2 protein chains.
Amino acid sequence: MDINSTGRPPGRPREFEIEDALDKAIIVFSERGYHAASISELKDAMGLAAGSLYKAFKDKKAIFLASFDRYKQVRNALLDQELAEGANGRDKVSRMLRFYAEASHGENGRRGCLVVGTAIELAVYDADAAERVGRSMARTEAMIEALIREGQADGSIPPAIDPLATAHVLLSVTQGLRVLGKTGPNRDRAFSVVDAAMKLLD
Amino acid sequence: MDINSTGRPPGRPREFEIEDALDKAIIVFSERGYHAASISELKDAMGLAAGSLYKAFKDKKAIFLASFDRYKQVRNALLDQELAEGANGRDKVSRMLRFYAEASHGENGRRGCLVVGTAIELAVYDADAAERVGRSMARTEAMIEALIREGQADGSIPPAIDPLATAHVLLSVTQGLRVLGKTGPNRDRAFSVVDAAMKLLD
DNA sequence: TCTATTTGGGAACGATCGTTTCCAAACTAA
DNA sequence: TTAGTTTGGAAACGATCGTTCCCAAATAGA
């Protein structure tokens with residue numbers, strides 16, 4: 001290492017945090033969708049000039065994919081945190097469903113899920129988007145299946161339950177909640193779905 | 001009535017059927033979404049010149065809303081036809097779920113549901129879209145609830161089932177299936193969701 | 001036949017899109 | 001200092017968007 005090295009790259013330092021900017025972009029993309037979100041809207045929301053945006057990201061799609069990845073990272077961390085408090089497998093499944101119900105009503109519900117939005121608007125004709133959606137769905141489903149098996153191991157879920165098939169249904173329920181949340185059912189309705197769905201584990 | 005009246009309006013007659021054109025527009029809007037579907041794509045798919053399009057419809061949004069209404073009309077008719085063959089309430093619920101599963105895999109799945117697409121892409125900031133999505137969801141949910149009550153009346157569904165809460169979950173499942181179908185699970189997976197979901201009626 | 005009306009079709013319009021360019025500013029390394 | 005590099009920010013670019021205009025064609029009614 002050079003004695004004079006500051007560990008900083010050459011050139012003028014960036015004056016904003018990429019992740020802060022992405023958090024703003026996530027809101028715009030979630031509410032408006034990919035195509036309706038213009039660069040003009042994005043730069044205003046992110047507090048950047050167009051030039052700065054294009055120095056940080058290759059193009060609009062790169063902004064979107066980075067937003068998607070950031071969204072997944074944040075949501076996954078929040079969900080993992082919630083699941084860590086679960087008493088057993090069954091309780092963890094319930095907490096997972098409640099996590100989605102919480103995000104599927106009111107203002108958050110109207111804002112929408114970036115994964116669902118990407119699946120609907122982009123995945124069909126964009127391979128990068130499709131791969132990310134596919135990985136997200138597979139991860140969530142595998143997680144649900146693992147929670148069911150955990151519940152069967154700790155006795156909170158009957159052994160007769162088919163873990164994979166039930167994980168399929170519960171994944172459908174979570175994605176469906178996100179769709180319904182867009183047109184705003186109230187909180188009680190979203191949570192009544194959770195209670196009724198838990199019957200699948202009896 | 002005038003003797004000479006042909007019952008035809010004045011001016012040059014339209015050379016295409018509105019409903020045929022809308023059936024083509026439905027495909028474009030379903031695959032691409034509202035914003036990504038350009039007038040250029042629409043007129044090519046519908047086989048019309050831009051001028052003719054704008055004589056038949058006020059603007060792009062009017063084309064979309066007419067496509068939505070046509071889509072709902074066709075799908076509702078198909079579903080009603082399928083339900084008419086059901087033996088009892090439980091069988092009808094099963095047929096309804098299979099109807100959605102059939103539309104949620106392969107090419108049809110990738111094409112997607114216009115109701116879900118509208119909910120995700122348009123409903124948040126367009127009142128006309130939101131109203132149509134809301135009415136569609138309410139109709140479907142009311143239908144499911146009615147089928148459950150029918151099953152309870154004919155003995156095919158236990159009386160202990162909560163018709164409204166169960167209708168909530170099953171509606172979520174159908175909308176979730178449509179989302180998952182966009183990234184293309186295979187036929188068996190879509191139908192395994194139906195089988196597992198039917199457990200809610202035990 | 002003449003007028004009024006409507007459609008078909010293509011050319012043209014202004015607006016907005018995503019992107020690039022340009023220059024001053026801020027930094028490192030020599 | 002000087003050269004090299006990167007960012008901030010605004011102005012500008014070509015492309016495409018949704019929409020309108022215009023004219024020939026096709027019809028009804030008089």
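1. In this predicted model, a backbone N or O atom of B:G51 lies 3.4 Å from a base oxygen of DNA strand C. The elements contributing two or more residues to the surface near this strand are α3 (50-56) of chain A and α3 (50-56) of chain B.

2. The phosphates of DNA strand C are also approached by side chains. An N or O atom in the side chain of A:K60 is 2.6 Å from a phosphate oxygen of the strand, and a polar side-chain atom of B:R14 lies 3.5 Å from a phosphate oxygen. Of the strand C atoms within 4 Å of the protein, 62% belong to sugar or phosphate, the rest to bases.

3. Around DNA strand C there are 26 residues, of which A:I39, A:Y54, A:K60, B:G11 and B:K55 come nearest. The residues of this surface comprise nine nonpolar, eight polar and nine charged.

4. For DNA strand D, the side chain of B:K60 places an N or O atom 2.7 Å from a phosphate oxygen, while the corresponding distance for the side chain of A:S52 is 3.3 Å. A backbone N or O atom of B:A37 lies 3.5 Å from a phosphate oxygen of strand D. Here α3 of chain A and α3 of chain B are the elements that give two or more residues to the surface.

5. DNA strand D is surrounded by 26 residues, the closest being A:G11, A:K55, B:I39, B:Y54 and B:K60. Sugar or phosphate accounts for 63% of the strand D atoms within 4 Å of the protein.

6. An unreviewed UniProt entry places the feature "DNA-binding region" at residues 38-57 of chain A. Over that segment the chain is 75% helix and 0% strand, with the end C-alpha atoms 15 Å apart.

Definitions and conventions
Residues are numbered from 1 along each chain as its sequence is written. Chains are lettered from A and ligands numbered from 1 in the order in which they are written. This is a predicted model: local features need pLDDT of at least 70, side-chain atom pairs count only at pLDDT 80 or more; totals for chains, interfaces and linings use all residues. Side-chain values use heavy atoms; hydrogens and water are left out. A residue is near a molecule or strand if one of its heavy atoms lies within 4 Å of it. A polar contact is a pair of N or O atoms within 3.5 Å; within protein, one must be able to donate a hydrogen and the other to accept it, and residues adjacent in sequence count only if both atoms are side-chain atoms. Helices (H or I, at least four residues) and strands (E, at least two) are DSSP runs, numbered from the N terminus. Ala, Val, Leu, Ile, Met, Phe, Trp, Tyr, Cys and Pro count as nonpolar, Asp, Glu, Lys and Arg as charged, and the others, Gly among them, as polar. UniProt positions are given in the numbering used here, feature names are shortened, and annotations may be inferred rather than shown by experiment.
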